[in-house]
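This report covers strand pairing, enclosed space and one annotated region. Please read it alongside the sequence and the model.

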Amino acid sequence: MTAHPLSGSPVPRRPRGRVALAFAVAVCATIGSVGLTASAAFAADTPYPAAQRYAITPVPDRITLIPTEDPATSQRVTWRADSATPRAQIVEAPAAFGDVQRSNAAAYDVIEVEAAFTEEVDPKTGYVNRYHTAEFTGLKPNTRYSYRVGDATQPVTSGSGASSINNWSPWMDFTTAADGLEPYSFIYFGDAQNYIDSAVPRVFQQAVKDRPDARILLHAGDLMNQTGTTDSSLRIQEKEWAEWYAAAGYSNQQRNVIATPGNHEYNSSTSISPFWKPQFPFPSNGPALADGTPMPEVERSAYYVDYQGVRYISLDSSPLQNGPVQEHVRAAQKEWLEQVLTDPERPKWTVVTYHHPAFAGTGTRNNSLVRADWTPLFDKYGVDLVLQGHDHVYNRGNLITDDDPNDPTKSHGTVYSISVSGGKMYSLNQGQNWTNNGANLRVNGQNIQLYQLIDVSEGSLLYQARLATGEFYDGYRVDKPGNGWNSPKIVTDLTDDPDTGNNPQQPEEPEEPAKDLNVSVNASTRVMAGMQYVSVATVNNDTVAVDMVIETPYGSKSFTAVQPGRAANVLLNSRQTSIPAGEVKVRVTGVVDGESVEVEKTAGYPAVG
């Protein structure tokens with residue numbers, strides 16, 4: 001087990017007294033010039049009330065891309081707006097909107113769809129949230145689209161002025177999934193939960209900076225903190241959800257969000273928050289009732305999405321671990337999970353996410369039902385990654401039976417991770433919940449905010465955990481060269497940052513040999529009529545014509561289009577009575593395989609005289 005203690009010291013700051021003094025003088029002078037005092041000009045600062053700050057308006061906000069069951073040809077989008085006629089527009093992403101679209105609107109095949117449904121949540125703030133969901137269908141795989149959401153007000157047709165105001169979002173872009181396994185990246189976050197407005201945003205932002213083309217943002221539960229059903233609890237939930245959307249910024253509007261609920265998304269031990277389903281209309285392909293309709297307890301919280309060669313499975317661990325145990329939900333999820341894992345259409349890679357860890361990393365926690373029901377299925381059916389939250393520490397490991405007997409840096413089974421993105425921290429335990437249950441805790445850490453980047457390719461998954469500062473913290477690579485989900489795999493620990501290219505465990509791409517031109521060069525000295533000469537003889541032994549520039553201390557000579565097999569020679573008079581030993585340089589240029597190549601040849605000559 002590897003721990004990562006962190007330490008640091010304050011960075012010295014340059015004194016700023018003169019700047020501060022100059023600013024103060026300038027402010028005083030300004031106030032004095034208009035005849036005001038500071039107390040008369042401004043009232044005392046007070047926090048802007050959440051009920052006003054986050055109130056719903058007709059202008060869309062909290063816009064989020066939600067994956068469908070077929071993300072190669074369809075896309076779901078959800079947003080909040082006080083609108084009676086919600087709708088959305090989509091078009092294949094053009095090079096320009098604005099004036100270009102106005103002057104040639106017919107060239108823009110904009111499709112408008114009405115919202116498929118609207119769901120309301122009363123946060124007890126004096127307003128009612130209205131969440132709208134629209135779905136775009138008939139899309140092309142692996143294609144970039146522009147979309148926006150709004151209502152029956154006329155979208156922008158002028159570039160400025162009073163007529164440009166309306167209730168539409170700006171145009172935003174996303175790319176549909178490829179129809180099959182193609183390389184891409186996704187980002188995994190542990191609990192945001194606390195300090196959402198202050199500590200979380202930089203983590204979300206840094207993650208997207210590191211993988212700007214990531215297609216999916218995956219959250220392993222406890223996106224916010226407040227629970228309960230009282231009016232005051234609902235008001236705080238509204239505030240925290242507003243902060244979570246603000247922390248994500250535009251990220252949710254350009255990438256699909258996959259999320260699983262944590263215990264803090266439950267308002268009681270058995271009742272999920274009223275915000276969850278309207279905000280996250282995930283596919284209703286989870287456990288079903290006898291009549292085939294979705295099981296309401298876990299609809300939109302237990303589901304799966306096949307995206308570009310990866311099956312993402314969300315399981316709802318709260319009915320097992322929040323207590324009292326919902327036995328019918330527990331049994332239904334276990335049965336459904338096995339069905340999803342034995343599906344003959346299952347893609348090569350499988351990622352499972354839920355909240356309560358199978359092997360706890362803090363305190364005396366012990367999520368025994370999760371471990372008993374699900375980990376045997378993960379092992380039996382070759383799940384690749386299990387991404388969890390809840391413990392507010394970092395853990396990563398695997399079953400001991402999957403350890404490589406010959407190499408401690410390698411294993412061959414499911415990898416389990418726990419992470420945290422927010423500012424609330426717990427202390428590590430001694431790893432006993434891992435070791436006592438047959439698991440190997442390879443890496444742990446505490447008092448750190450992290451995000452995880454996962455790069456997907458045909459033959460491998462590259463996982464790296466990074467600190468909020470962007471610093472590499474932990475990583476591994478899963479190599480699975482076969483075609484199916486059950487192909488043998490090797491998991492290799494990484495000790496160096498794979499993005500810097502200096503990881504000795506990462507197979508290096510062989511460097512392409514530098515192109516050369518086969519030209520021989522010989523140099524000598526001669527004495528003729530009492531004068532000292534330097535003689536240079538070259539032969540083009542290549543298959544292409546070359547140009548040559550022969551340079552000596554006593555002059556140079558150029559030759560063009562020297563054909564294959566031909567020579568280019570020069571005899572240069574030094575006009576000296578003696579010549580010290582030296583070197584000639586020959587710059588040779590030619591075209592090889594359509595590419596211009598330039599090389600330098602040298603040859604030495606002896607002293608004479």
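## Cavity and pocket

About 50 Å³ of space lies in the largest cavity of this predicted model. With a threshold of 30 Å³ or more, the structure holds 1 cavity. Its lining consists of Phe 189, Phe 204, Val 208, Leu 217, His 219, Trp 244, Ala 248, Ser 251 and Asn 252. Two or more of the lining residues come from each of α5 (200–210), β11 (216–219), α6 and α7. By class, the cavity lining has 6 nonpolar and 3 polar residues, with no charged ones.

The second largest pocket has a volume of about 320 Å³. Its lining comprises 19 residues, and those nearest the pocket centre are Pro 60, Asp 61, Arg 62, Tyr 245 and Gln 253. At least two lining residues each are supplied by β2 (61–66), α6 (231–248) and α7 (251–254). Of the contributing elements, α6 gives the most, with 4 residues. The pocket lining divides into 11 nonpolar, 4 polar and 4 charged residues. Helices α6 and α7 thus appear in the lining of the cavity and also in that of the pocket.

## Strand pairing

The strand pairs covered here are listed below.

| Strand pair | Sense | Bridges |
|---|---|---|
| β4 (87–92) and β8 | antiparallel | 6 bridges |
| β8 and β9 (172–175) | antiparallel | 4 bridges |
| β13 (303–307) and β14 | antiparallel | 5 bridges |
| β14 and β15 | parallel | 5 bridges |
| β15 (349–353) and β16 | parallel | 3 bridges |
| β16 and β19 (415–418) | parallel | 4 bridges |

Strand β8 (residues 144–150) is mostly covered, with 6 of its 7 residues buried. It pairs with β4 and with β9. On the β4 side, Gln 89 has Arg 148 of β8 as its bridge partner. On the β9 side, Arg 144 is partnered by Thr 175.

A further run of pairings goes from β13 to β14, from β14 to β15, from β15 to β16 and from β16 to β19. Strands β13 and β14 form a hairpin with 2 residues between them, and Gln 308 in the turn has a positive phi of about 55°. Within this hairpin, Asp 306 stands opposite Arg 311 in β14.

How many residues of strand β14 (residues 310–314) are buried? The count is 5 of its 5 residues. Val 310, Tyr 312 and Ser 314 point one way from the strand, while Arg 311 and Ile 313 point the other way. Arg 311 is therefore a buried residue, having under 20% relative accessible area.

Thr 353 of β15 is the bridge partner of Ser 314, and Thr 353 also stands opposite Leu 387 in β16. Between β15 and β16 comes helix α11 (residues 368–380), and these three elements make a right-handed β-α-β unit.

Strand β16 (residues 385–388) is covered on both faces: Leu 385 and Leu 387 are buried on one side, and Val 386 and Gln 388 are buried on the other. Leu 385 stands opposite Val 415 in β19.

## Annotated region

An unreviewed UniProt entry places the feature "domain: Calcineurin-like phosphoesterase" at residues 197–394. In the model, the end C-alpha atoms of this span lie 22 Å apart. Residues 197–394 are 35% helix and 14% strand.

Conventions: Residues are numbered from 1 along each chain as its sequence is written. This is a predicted model: local features need pLDDT of at least 70, side-chain atom pairs count only at pLDDT 80 or more; totals for chains, interfaces and linings use all residues. Side-chain values use heavy atoms; hydrogens and water are left out. On a 1 Å grid over the protein atoms alone, a cavity is a set of points where a 1.4 Å probe fits but cannot get out, and a pocket is an open set with protein on both sides within 12 Å along at least five of seven lines; lining residues have an atom within 4 Å of a point. Grid points are joined across faces, edges and corners, and a volume is the space filled by probe spheres set on the points. Ala, Val, Leu, Ile, Met, Phe, Trp, Tyr, Cys and Pro count as nonpolar, Asp, Glu, Lys and Arg as charged, and the others, Gly among them, as polar. Buried means under 20% relative accessible area, exposed over 50%, partly exposed in between (1.4 Å probe, protein chains only). Two strands pair if DSSP finds at least two bridges between them. A crossover is right-handed if, with the strands pointing away from the viewer, the path from the first strand over the helix to the second runs clockwise. UniProt positions are given in the numbering used here, feature names are shortened, and annotations may be inferred rather than shown by experiment.
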